[in-house]
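Q: Please take a close look at one part of this model, its nonpolar packing. I am new to it, so keep the sentences short.

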Amino acid sequence: MVKKVITGNGASANGARLAKPKVIAAYPITPQTSIIEKLALMVSNGELDAKFIKVESEHSAMAACIAAQNTGVRTYTASSSHGLALMHELLMWASGARLPIVMTDVNRAMGPPWSIWADQQDTIAQRDTGWIQFYVASNQEALDTIILAYKVAETVNLPAMSIEDAFILSHTMESVDIPEQETVDSFLPPYEPKFRLKVGEPMGFGSLVMPEGYMEFRYKISEAMDEARNVIRTVGKEFGETFGRKYGLVEEYKTDDAEVVLVIAGSVASTAMEVVDMMRDEGKKAGVLRIRSFRPFPYEEIRKVAKQAGLIGVFDRSYTGGFGGAIGTEVKGALYNSDASLPVKNYIAGLGGRDITPKVLRKIFEDMFESLNGGVKKEVEWVGLRDGSGRW
Amino acid sequence: MVKLTIPEEEYMLPGHVACQGCGATIAMRYLLKALGGKTIVSIPACCWAVIPGVYPSRTLEVPLLYTAFETTGASISGIRAALDMMGDTETTVVGFAGDGGTADIGLQSLSGAVERGENVIYVMYDNEAYMNTGIQRSSSTPAGAWTTTTPGGSKKEWKKRPKKSVIEIMIAHDIQYAATLTVSYPEDFIKKVKRAMEIKGPKFLQVLSPCPTGWKSDPAKAVELARLAVQSRVFPLYEFDHGKYKISMKPKQVPVREYLKPQGRFRHLTDEEIETIQMHTDEQWEILLAKEKFTNELYK
Ligand SMILES: Cc1ncc(C[n+]2csc(CCOP(=O)(O)OP(=O)(O)O)c2C)c(N)n1
Ligand SMILES: [Mg+2]
């Protein structure tokens, strides 16, 4: 094991290298570029035995990965924001075709107006594409998640996305353990698909199906997604045994006795955890539930936390233009048929890279305590708006 | 003694669901005869996404990957890359897409694949409109043609601009081999596919494939119609092989009227309009002759 100080993109590139994809197809977009530049160099240097198809668009990147994976090899790609949006049609194709493709998305805002900074709108908008979505909170996790994602994806035959924040992770250096190839190989066996394009076995992949057959294909995907929930838990545990870092669907921080819990995804969760410590020093029982797997959604973990908390706040770094943020509505959806009946307040913040400082998070926690005692006055609140109200 | 030049092997099973007289179906049959069984085909949205039949039945005796409408170039690149990485450089990878999937929505991914030099064969079966969705114009629809989106109407708005030449776009990519083919000249068809197989790198084949349903013509006359397209020089058969143009046949010229007449999609054309089409056809033929002469002198 080597310890290196590298960026999130460096970590993702190394995670991809260690997973040994045979075909990479990718197209550059800020802030993903340094991932694919590093991989291009690794391939050119022979450090990675793969073919890198330098496609003319993200749409073609995913189409080429789909075709290569269907032919029988492990594939990888990376994108961000507008690139991910352009892939949309093929993201659906990848899951529909049950191909365990793994990609990294660097979470970036969608234009207009143009913005290259951190924001979860791009991946949240792909929620329904049938991809497993992991939101990471550190560079180490970015590397680890790619390796883990391949194992999960290849077990349930669904594609998976490892998602890192623009700049906050992608371009920020952190100390990262880079595992040895042999250790990764022992954890992640070579890719052996059940079905593939093969001369002598004339099968058609993706042919027209009548209404009598379509729903069953979709039901199988839904079953696989449900299965993924458990697979993520077991593979995350196995990952811990192999590499010393255990991962689950969520990360809980001081939720056991928390009166208010903030549900949050991405690197900003670590800031929230520090704020929790500050609050606790003042005797205020706050906690954080970090969502690592957004798809499949960790509804059981959420229900567990809701059982003893008095109020849940949900932090969304995106909005859905209708009723708050996606994580907010998902959390509420998870709680509705449970025994929990506690208020949920949704905070929209940090869009387009707006800085989320400890001060901002502290105000959110304070508002949560206020709402716990005085009731939720506003169900969905935009935090940090420069609207002159001075509220935030 | 007759020399058999059409392979006897069949890679298309009976039971496909194409219309009567479908040129694209004949095109696939000849293509696979020439390519043989060591072939993987990728097909985007188009009539041919339906023709092989409904899941779980199949018409083709080769592995087939369906792909999204605009992705054929990328799809065959992905298959090729995976095969190469698995140590299989022998299997032929072929994309089989319509004119819409090639000249319009898929032009970008085709251009990317050809520019990168992917070792694949791209076949554009050209029935000169979006037939799968019910005969809408494509950029490969010829001038003057009726389609459901160039319906004429009281303003007489049929397709105005001439057919986009995808083969010339391919040639502009410095492609090693590109050719035009059609279903009424099977020997020429097979020969060109075989030639494409000999070359490493991207190959482009444009196959004129009559569509009786969309062209409003007699299904029994589909092959005849394709022959008239060549004889009238509306669709000349030629090759572009490593820089040199080679016109495959220079048959005695038939007036374009003979080709247009049996097709309902051109029924509304006035004598004057037919004359304009004739002039354009003659000009294009002269340009092609000049290109053949020039490139053969240049690369003697
Ligand atoms: C992105 C996308 N847009 C539109 C369609 C609908 N569509 C399916 S086939 C087709 C036309 C195909 O035309 P062409 O490529 O000429 O093939 P043909 O049907 O004539 O054989 C269209 C518009 C689609 N499948 N995907
Ligand atoms: Mg067509």
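A: The largest nonpolar core holds 107 residues. L39(A), M62(A) and I132(A) have the most contacts inside this core. A nonpolar core is a set of buried Ala, Val, Leu, Ile, Met, Phe, Trp, Tyr and Cys residues joined through side-chain atoms within 4.5 Å. Buried means under 20% relative accessible area, exposed over 50%, and partly exposed in between, with a 1.4 Å probe and protein chains only.

The model is predicted: local features need pLDDT of at least 70, side-chain atom pairs count only at pLDDT 80 or more, and totals for chains, interfaces and linings use all residues. Residues are numbered from 1 along each chain as its sequence is written, chains are lettered from A and ligands numbered from 1 in the order written, and side-chain values use heavy atoms, leaving out hydrogens and water.

Helix α6 (residues 139–156) of chain A gives the most to the largest core, with 10 residues. Helices here are DSSP runs (H or I, at least four residues), numbered from the N terminus. Domain 1 (2–243) and domain 2 (250–382) of chain A both give residues to this core, so the core lies between them. The domain bounds come from an automatic or database assignment.

Now I132(A). Leaving aside neighbours within four places in sequence, its contacts (heavy atoms within 4.5 Å) include V152(A), V156(A) and L158(A). M225(A), A228(A) and I232(A) are also among them, as are R295(A) and P296(A).

Another core lies apart from the largest one. This other core has 39 residues, including M28(B), Y30(B), I121(B) and V123(B). In soluble globular proteins, nonpolar side chains tend to be buried together.

Terms used: Helix = DSSP H or I, 4+ residues; strand = E, 2+ residues; numbered from the N terminus.
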